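Let's walk through this protein together, one step at a time. Have a look at the strands and at the cysteines before reading on.

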Amino acid sequence: MSGTIELLDETLAAAKAEGRSALIAYLPAGFPTVDGGIEAVKAAFAGGADVVEVGLPHSDPVLDGPVIQTADDIALRGGVRIADVLRTVREAHAATGKPVLVMTYWNPVDRYGVARFTAELAEAGGAGCILPDLPVQESANWREHAAKHGLGTVFVVAPSSRDARLATITAAGSGFVYAASLMGVTGTRASVGAEAKELVRRTRATTELPVCVGLGVSNAEQAAEVAGFADGVIVGSAFVKRMLDAPDEAAGLAAVRELAAELAAGVRRGTGPG
């Protein structure tokens with residue numbers, strides 16, 4: 001089976017055709033359990049997410065703030081493995097027919113083996129990978145295997161990225177560009193700010209790929225704001241926090257579905273990227 005980058009491309013294009021941003025949710029595999037994590041991805045889709053990123057829990061998540069670190073710790077103490085991450089992708093995609101990516105730091109993939117990881121992710125129906133700490137200049141081997149298996153390679157750009165660097169990064173990527181809205185780690189914030197809008201503008205000048213904004217979006221109002229200038233709105237910590245705060249798994253799943261519905265309404269209130 002080939003990967004589903006075409007499904008990802010079609011999903012983002014369909015949102016654009018509707019005059020809105022796509023809603024992209026992030027949830028870590030294995031949290032609160034492997035089965036619970038699979039149900040959480042399904043709940044996000046049921047609430048209105050267009051795409052879901054499944055996080056591969058890591059012991060040193062440099063981009064992630066305390067909320068996602070807490071969830072990763074729970075997943076790791078529960079014994080989550082790469083096989084469980086791939087199972088999460090497989091079952092969530094099979095149940096929904098929607099695009100599912102993996103967000104992972106490079107070390108676990110490198111240790112697992114690039115050829116093996118890309119082949120197994122494609123076989124699971126994955127759409128690709130977001131690789132926040134893989135330098136573009138060291139990514140040729142990954143990109144070759146990903147392309148062979150129909151997987152997208154999503155790189156992260158930041159407000160500190162100079163224009164020439166943005167061009168290098170976006171030329172190497174596929175699927176979409178992940179624009180980190182600020183310098184820092186994931187988490188919910190009171191404001192997403194003008195920095196993200198300017199980064200999207202500069203990134204768009206280098207690529208035809210959709211530019212999706214993450215880090216800091218936590219409610220419908222912020223989603224609507226970002227939807228006014230970005231092709232996609234990425235939300236992670238807010239989903240994880242709802243699950244952490246829930247009294248039990250069923251309540252957590254309901255909270256994920258509810259938040260996805262609120263955010264889906266928010267991206268539809270945005271004026272659409274222009």
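Strand S2 (residues 51–55) and strand S3 (residues 100–103) run parallel and are joined by four bridges. Two strands count as a pair if DSSP finds at least two bridges between them. Within this pairing, Gly55 stands opposite Met103 in S3. The names come from DSSP runs, numbered from the N terminus: helices are H or I runs of at least four residues, and strands are E runs of at least two.

You are looking at a predicted model, where local features need pLDDT of at least 70 and side-chain atom pairs count only at pLDDT 80 or more, while totals for chains, interfaces and linings use all residues. Residues are numbered from 1 along each chain as its sequence is written, and side-chain values use heavy atoms, with hydrogens and water left out.

Now step back to the whole sheet. It is open, has nine strands with parallel pairing, and follows the order S5-S4-S3-S2-S1-S9-S8-S7-S6. Strand S5 (152–154) and strand S6 (156–157) stand at the edges with a single partner strand each, so one side of each has no neighbour in the sheet.

Next, find helix H4 (residues 82–96), which lies across S2 and S3 and runs at about 160 degrees to S3. Such angles run from 0 to 180 degrees between N-to-C directions, using axes fitted to C-alpha atoms, for helices over the stretch in contact (heavy atoms within 4.5 Å).

What about disulfides, meaning pairs of cysteine sulfur atoms within 2.5 Å? The structure holds zero of them. Cys129 is in no disulfide, as the nearest cysteine sulfur, that of Cys212, is 16 Å away. Cys129 counts as buried (under 20% relative accessible area, with a 1.4 Å probe and protein chains only; exposed is over 50%, partly exposed in between) because its relative accessibility is 0%. Cys212 also counts as buried, at 0% relative accessibility.

Conventions
Disulfide = S-S within 2.5 Å.
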